[in-house]
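Let's take a look at some ring-bearing side chains and one annotated spot. Have the picture ready as you read.

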Amino acid sequence: MTAPRILIADDEPLLQAELRVTLAALWPEAQVVGVANDGVQALHMARELAPDIAFLDIRMPGLSGLEVARTFGSRIHVVFVSAYQEHALAAFDEGAVDYLLKPVDAVRLARAIERLRARLGTPPPDLARLVQQLAPKKAPPAWLQASVGNTIHFIDLSDVIYFGSEFKHTRVVTDQMEAHLRTPLKELAEQLEEAGFWQIHRGFVVAVKRIAAVSRDADGAVWLNLRGHASRLPVSQRFQHRFKGM
């Protein structure tokens, strides 16, 4: 049998590197043919490179791993990777090859490789039904509970100017205060897209209604100026497509 061809899709470079190194150690005959940074890139790579196996982060910019898997039909075996355990049981029930939680454990990955070896001779399951079950749209919260010291504040979502990622917390900024949430910024970004918030950087999600201007400095970096607030927020290259003409 030819060497298995593997695609890795995850927006976290450290996870990408960790998977590549561990796969090389545990499955040296397998070949990583592509590494994608987001769902759209993963979709293109899957079409161009025709991998046998795809390790897909469930939550990625552009397209989620679930949306990418939907397009595979019965062509590619899938291992889902995520920081969130709520999808695991359904993934197994519906025939997904395996499921890895972040940070990826070598013992768990070794078990996934064993299952992949056993299944490579059979057609992959069509994951369209699984995707439909695992991707319900959550309504954005109307308000948030955020802490300032030992006090919990109830913050109306419409009052939020932006969210910023901090070590183990997410900072929420309004005109009146700055407070902290325990919800990861990545999870918030997905919940709040339909509520008028855009992720503009790995570390920032901003209320679109509070964007006053977008500018590019002499070094080529893109920045947002906010309406009625002194903060100036960076826009990473990945999210510059939101601002056409830049």
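A residue counts as buried when its relative accessible area is under 20%, and as partly exposed between that and 50%. Keep in mind that this is a predicted model. Phenylalanine 243 has a relative accessibility of 11%, so it falls in the buried group.

Now for the rings. Two rings are described by the distance of their centres and the angle of their planes. Searching the whole structure turns up four aromatic pairs, including the two in this table:

| Pair | Centre to centre | Angle of planes | Type |
|---|---|---|---|
| Phenylalanine 163 and phenylalanine 197 | 5.7 Å | 55° | tilted |
| Tryptophan 198 and phenylalanine 243 | 5.7 Å | 70° | edge-to-face |

What does the tilted pair tie together? Phenylalanine 163 sits in strand E8 (residues 160–166) and phenylalanine 197 in strand E11 (residues 197–201), so the pair links parts 34 residues apart in sequence. Phenylalanine 163 is buried at 0% relative accessible area, and phenylalanine 197 is buried too, at 4%.

Then there's the edge-to-face pair. Tryptophan 198 belongs to strand E11, while phenylalanine 243 is in the segment after strand E15 (232–235), so this pair joins parts 45 residues apart in sequence. With a relative accessible area of 25%, tryptophan 198 is partly exposed.

Finally, the annotated spot. An unreviewed UniProt entry lists Asp57 as "modified residue: 4-aspartylphosphate". You'll find aspartate 57 in strand E3 (residues 53–57). Is aspartate 57 buried or exposed? Its relative accessible area is 2%, so aspartate 57 is buried. Leaving aside residues up to four places away in sequence, aspartate 57 touches several others, among them Asp10, Asp11, Lys102 and Lys186.

Note on methods. Residues numbered from 1 in each chain as written. Predicted model: local features only at pLDDT ≥ 70, side-chain atom pairs only at ≥ 80, totals over all residues. Heavy atoms only, no water. Phe/Tyr/Trp six-rings, centres within 6.5 Å; stacked < 30°, edge-to-face > 60°. Helix = DSSP H or I, 4+ residues; strand = E, 2+ residues; numbered from the N terminus. Buried < 20%, exposed > 50% of the residue type's maximum accessible area, 1.4 Å probe, protein only. UniProt positions renumbered as here; feature names shortened; annotations may be inferred. Contact = heavy atoms within 4.5 Å.
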